[in-house]
Amino acid sequence: MSRLFYNIKQALTQIGRNKGMSLASFFAITAMMLILGLFFTISVNVNLFSEVVKQDYDTVELYLKDNVTADQTTKILTEARKLSGVTSVSYRTKEQALKIMKERWGESGYLLDSLGDNPLPNSILVKVDGVKAADRVSRYATTQSGIESTKYYKETVDKLNRITRYLQIGITVIMLFLVIVSVVVVSNTIKLTVFARAKEISIMKYIGATNWFIRGPFLVEGILIGVISSLISVAISYMIYARVVASIGTRLMTMLSSPLVSASYLTSNLTIIFLAMGVGIGACGSIISMRKFLDA
Amino acid sequence: MITLENVTKIYEGNNVGLENASINIDAGDFVFLVGPSGAGKSTFIKLILKEIEPDSGSIWVGDYDVTNLSNREVPQLRRKIGMVFQDFRLLPKKTVFENVAFAMEILHKSRRSIRRRVPQILRLVGIEDKRDRYPMELSAGEQQRVAIARAIINNPKVLIADEPTGNLDPVTAEDIMQLLDEINMTGTTILMVTHARDIVDKMNKRVVAIENGHIVRDEFGQYGYSDSDFMDWGIFDNE
C-alpha cells in the first residue's frame with residue numbers, strides 16, 4: 001500500500017516537472033477520445049434508430065385520412081386481407097398509436113405530453129411476408145382515396161444495418177490509428193522522465209531492483225496521464241452531447257419518430273470505454289518507453 | 001565464490017575485453033584487481049554483474065551460473081553482490097537513511113526491519129549522526145561510507161568496489177580501506193579495482209593484474225606497477 005502511494009507521488013512529481021510534454025499527452029489522448037466519442041455517439045444513435053424501426057419492419061403501415069368513414073375502413077381491411085403475401089391485418093386508432101410511441105421512447109416519452117392534440121393518424125397495419133407483398137400492398141394503397149400515405153420499414157432497416165456496419169469498421173480503423181499515435185506520444189513523454197532519471201535507474205539496477213519495481217512510478221505516471229485525459233474527455237463529451245440532445249432532440253424525434261440516446265446513458269458508457277483505453281494507452285506507453293532502459 | 005573459466009569477451013571493432021581468462025576467488029578472499037585503463041578490469045566486473053555477456057567461457061558467482069542466468073534472475077544475482085563506486089552513486093534527493101533503506105525496500109523488507117537494521121549499519125560504517133542529511137551535505141569520505149552501508153545492508157556474499165578511494169584524500173582513503181577490511185573479516189568476499197599503489201602495498205592482499213584482457217599476475221602482496229608505468233599508459237590523463 002505504501003508502495004502504491006510512493007508510486008503515485010513520484011508520478012505526480014514527474015508530470016509536474018514535465019508540464020510541456022505531459023500537456024501534449026493530455027491533448028493527444030483527449031483529442032483522440034473525443035473523436036472516438038463522436039463516432040460512438042453516432043453509432044449508438046443509429047443503432048437505437050434501427051432498433052426502433054426494426055420492430056415494425058415486417059409491417060406496412062397505411063395511414064388513413066382523418067375524414068375516412070367506417071365503411072371505407074372496413075372495405076380496406078377486407079380487401080387488404082385478400083392480397084397474396086399478407087399474413088394479418090389490424091386497425092390501430094390514433095390513441096393506441098400515441099400510447100405505443102410513448103412506450104417506445106421510454107424515458108424520453110414525456111416529451112410527447114407537450115404535443116397537445118394527438119397529431120398521429122388512425123392506421124391500418126398490414127403484416128407481410130416479404131418485399132414483394134409489401135409492394136403489392138403499397139400499390140393497392142395508392143388506389144384507395146382514404147389512405148393518406150404508406151410506410152414500409154424493411155428497406156430502411158437494411159440500409160441502417162449496412163450503415164452501422166460500415167460505421168463500425170471505419171471506427172475500428174480510425175481508432176487503431178489514433179491509439180497507436182497516443183501510445184507513441186505518451187511513451188515519448190515518459191521517455192523524458194526516464195532520461196532525467198537514467199542515473200537513478202542504473203543505481204536501482206545495481207542494487208538489484210527488479211524491472212517491475214523500477215517501472216512502478218513510470219507505469220503509474222502513464223496510467224495517470226491516461227486516466228486524467230479520459231476524465232476530461234468524458235466531461236467534454238457529456239457537455240456537448242447534453243447540449244445537442246437539448247437543442248435538436250425533440251425535432252429529431254418528430255422528424256424520425258426516434259429519440260436520441262440519453263446523455264446519462266451515453267456518458268456512463270463513454271466513462272467505461274475512455275477509462276479502459278486511458279489506462280491501456282498509458283500503461284503501454286510507459287512500458288514501451290522503458291524497454292530499452294531495462295533490457296541491458 | 002567467483003569463478004571464471006576461459007572467459008573471452010571481444011567488443012565490436014575487435015577490441016579485446018577479456019581473452020581466455022580463468023580465475024577463482026574463494027569465499028572470504030580480499031582481492032585487488034589492478035592494471036592499466038582499458039586492460040579489462042571493467043569488463044571483468046561487468047561480466048560478473050551480467051551487464052554484458054561473454055562470447056565464450058563460464059562464470060559462476062556463488063551458486064549462480066551467471067552465463068546461463070535469465071534476465072529475470074539478474075536482480076537476484078545483484079542482490080548477492082554489493083557494489084561500491086568511485087563516484088558513490090547515491091540518490092541525491094534521498095537522505096542518508098533513505099539511501100540505505102532503499103536497498104532494503106527493493107527486497108520488500110518490512111518497515112519495522114528497515115527501521116531496526118539501517119541505524120545498525122550506519123553505526124557500523126560510522127555515520128549514524130548523519131542519517132537525515134542529504135548526500136550533497138556530506139564529505140566525500142562520508143558519502144562513500146553511505147555507499148558502503150547501502151552495499152552491505154542486505155548481507156551480500158560479495159562486495160565489489162570499483163576504485164572506492166579514487167575520489168578520496170589519502171587519510172580518508174585509509175579509513176575506508178579499514179572499513180572494507182572489517183567487512184571482509186565478517187566473511188564477505190571483496191573484489192576491489194584500484195590504481196592506488198600505496199593502498200595495495202599496505203594491505204598485503206591477493207593482487208590480480210590484468211593487461212590487454214589477460215590475467216598476467218595473481219599473487220599475494222605488492223601492487224607491482226611503478227608510477228612511471230602509468231605515465232606510459234597515460235591513465236592519469238584520462239581519469
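Biologist: How many of the five residues of strand β7 (residues 158-162) of chain B are buried?
Modeller: This is a predicted model, in which local features need pLDDT of at least 70 and side-chain atom pairs count only at pLDDT 80 or more, whereas totals for chains, interfaces and linings use all residues. Residues are numbered from 1 along each chain as its sequence is written, while chains are lettered from A and ligands numbered from 1 in the order in which they are written. Strands are DSSP runs of E with at least two residues, helices are runs of H or I with at least four, and both are numbered from the N terminus. A residue is buried if 20 or more other C-beta atoms, placed from the backbone, lie within 10 Å of its own, and in β7(B), which is mostly covered, the number that are buried is four.

Biologist: Which residue of β8(B) stands opposite B:Val158?
Modeller: On one side of the pairing list, strand β6 (residues 81-85) of chain B runs parallel to β7(B) and is joined to it by five bridges, with B:Ile81 opposite B:Val158. Strands pair if DSSP finds at least two bridges between them, and β7(B) also pairs in the parallel sense with strand β8 (residues 189-193) of chain B over five bridges. In that second pairing, the residue opposite B:Val158 is B:Thr189.

Biologist: Through which helix does the chain cross from β7(B) to β8(B)?
Modeller: The β-α-β crossover is right-handed, meaning that, with the strands pointing away from the viewer, the path from the first strand over the helix to the second runs clockwise. The helix on this path from β7(B) to β8(B) covers residues 170-185 of chain B and is α6.

Biologist: Which helix gives the largest share of the largest nonpolar core?
Modeller: A nonpolar core is a set of buried Ala, Val, Leu, Ile, Met, Phe, Trp, Tyr and Cys residues joined through C-beta atoms within 7 Å. The largest has 74 residues, and those touching the most other members include B:Val100, B:Ala149 and B:Leu159. The largest share, seven residues, comes from residues 96-105 of chain B, helix α3.

Biologist: Which helix of chain B gives the most residues to the side that touches chain A?
Modeller: With contact taken as C-beta atoms, placed from the backbone, within 7 Å, nine residues come from chain B and nine residues from chain A. The chain B side divides into five nonpolar, no polar and four charged residues, where Asp, Glu, Lys and Arg count as charged, Ala, Val, Leu, Ile, Met, Phe, Trp, Tyr, Cys and Pro as nonpolar, and the others, Gly among them, as polar. Three residues of that side come from the helix at residues 74-79 of chain B, which is α2.

Definitions and conventions. A residue is buried if 20 or more other C-beta atoms lie within 10 Å of its own, exposed if 12 or fewer, and partly exposed in between; C-beta atoms are placed from the backbone. Two residues are in contact if their C-beta atoms, placed from the backbone, lie within 7 Å.
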